[in-house]
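Q: Please take a close look at one part of this model. I would like to know what is buried there, what packs against it, and how the neighbouring parts are arranged.

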Amino acid sequence: MAEQPTVEHADDTEDAPPTGPRRILIALYLVFAVAATARGIVQIATKYDQAPLAYVLSLLSGVVYIAAAVGLITDRRWSRPLAWAAVGTEMAGVLVIGALSIVDSTAFPHDTVWSRFGAGYGYVPVILPVLGLMWLWQTRPAPRDDD
């Protein structure tokens, strides 16, 4: 049976400062994390009865953006799997919620971050996970050759 390749990880106590495209992705994810989380909290606290599904999804998207930002910011054993899970969830969420909000607009009387594929946010919510997934794929660790 072939042995699974192991990947060297940075020390769990020290993170390298982000550079290049990673820095831009982190900045975008942090902006969306703050915006979506704050929006969801305010909507749930002040007018939950008007569109509960939309408002809970707004808060959920904020949590996903927070997880993606943490996964991209840190350089620890759990960081990349967290980033993959969060960005993958974001991609699925924006595609599913985007399509549902167009097909069944009565279920979404108020917009979420992911409604209409992020139209209210200049479609950045549908572009961001594509960029995030591309960056994660392009920067994946090479398997070690132990032969």
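**Helix 4 and its surroundings**

A: In this predicted model, the buried residues of helix 4 are Pro125, Val126, Leu128, Pro129, Gly132, Trp135 and Leu136. They pack against three elements: helix 1 (20–47), helix 2 and helix 3. Helix 4 itself covers residues 124–138. Its 15 residues should span 21 Å at 1.5 Å a residue, and the C-alpha atoms at its ends are 20 Å apart, which agrees.

Take the pairing with helix 3 first. Two packed helices are described by the angle between their axes and the distance between the axes. Helix 3 (residues 79–103) and helix 4 pack at about 150°, and their axes are 9 Å apart. An angle over 145 degrees counts as roughly antiparallel, and the two helices are therefore roughly antiparallel to each other. The crossing of helix 3 with helix 4 is left-handed. On the helix 3 side, the contact is formed by Arg80, Ala83, Trp84, Val87, Gly88, Glu90, Met91, Val94 and Leu95. On the helix 4 side, it is formed by Pro125, Val126, Leu128, Pro129, Val130, Gly132, Leu133, Trp135, Leu136 and Trp137. By residue type, this contact divides into 15 nonpolar, two polar and two charged residues. Pro125 and Trp135 are among the helix 4 residues that are buried and that also take part in the contact with helix 3.

The loop between helix 3 and helix 4 holds Arg116 and Phe117. Most residues other than glycine have a negative phi. Arg116, however, has a positive phi near 50°, and Phe117 has a positive phi of about 60° although it is not a glycine. Arg116 is partly exposed, with a relative accessible area of 36%. Phe117 is partly exposed too, at 24%; the cut-off for a buried residue is under 20%.

Helix 3 also has helix 2 (residues 52–73) as a partner. Helix 2 and helix 3 pack at an angle of about 150°, with 7 Å between their axes. That makes helix 2 roughly antiparallel to helix 3, and the crossing is left-handed. Helix 2 contributes Leu57, Val64, Tyr65, Ala67, Ala68, Val70, Gly71 and Leu72 to this contact. Helix 3 answers with Ser79, Arg80, Leu82, Ala83, Ala86, Val87, Thr89, Glu90 and Ile97. The residues of this contact comprise 12 nonpolar, three polar and two charged ones. Arg80, Ala83, Val87 and Glu90 of helix 3 take part in the contact with helix 2 and in the contact with helix 4.

Helix 1 remains. It has 28 residues and reaches 40 Å from its first C-alpha to its last, close to the 40 Å expected at 1.5 Å a residue. Its buried residues are Arg22, Leu25, Ile26, Tyr29, Phe32, Ala33, Ala36, Thr37, Gly40 and Gln43. Helix 2, helix 3 and helix 4 are among what covers them. Thr37, one of these buried residues, has its C-alpha atom 7.7 Å from that of Leu60, although the two residues are 23 apart along the chain. Leu60 lies in helix 2 and is partly exposed, with a relative accessible area of 43%.

To return to the part in question: the buried residues of helix 4 pack against helix 1, helix 2 and helix 3, and helix 4 runs roughly antiparallel to helix 3.

Technical notes:
Residues are numbered from 1 along each chain as its sequence is written. This is a predicted model: local features need pLDDT of at least 70, side-chain atom pairs count only at pLDDT 80 or more; totals for chains, interfaces and linings use all residues. Side-chain values use heavy atoms; hydrogens and water are left out. Axes are lines fitted to C-alpha atoms, for helices over the stretch in contact, and angles run from 0 to 180 degrees between N-to-C directions. Angles under 35 degrees count as roughly parallel, over 145 as roughly antiparallel, 65 to 115 as roughly perpendicular and the rest as oblique. A crossing is left-handed if the near helix is turned anticlockwise from the far one by less than a right angle, and right-handed if clockwise. Contact means heavy atoms within 4.5 Å. Ala, Val, Leu, Ile, Met, Phe, Trp, Tyr, Cys and Pro count as nonpolar, Asp, Glu, Lys and Arg as charged, and the others, Gly among them, as polar. Buried means under 20% relative accessible area, exposed over 50%, partly exposed in between (1.4 Å probe, protein chains only). The expected span of a helix is 1.5 Å times one less than its number of residues.
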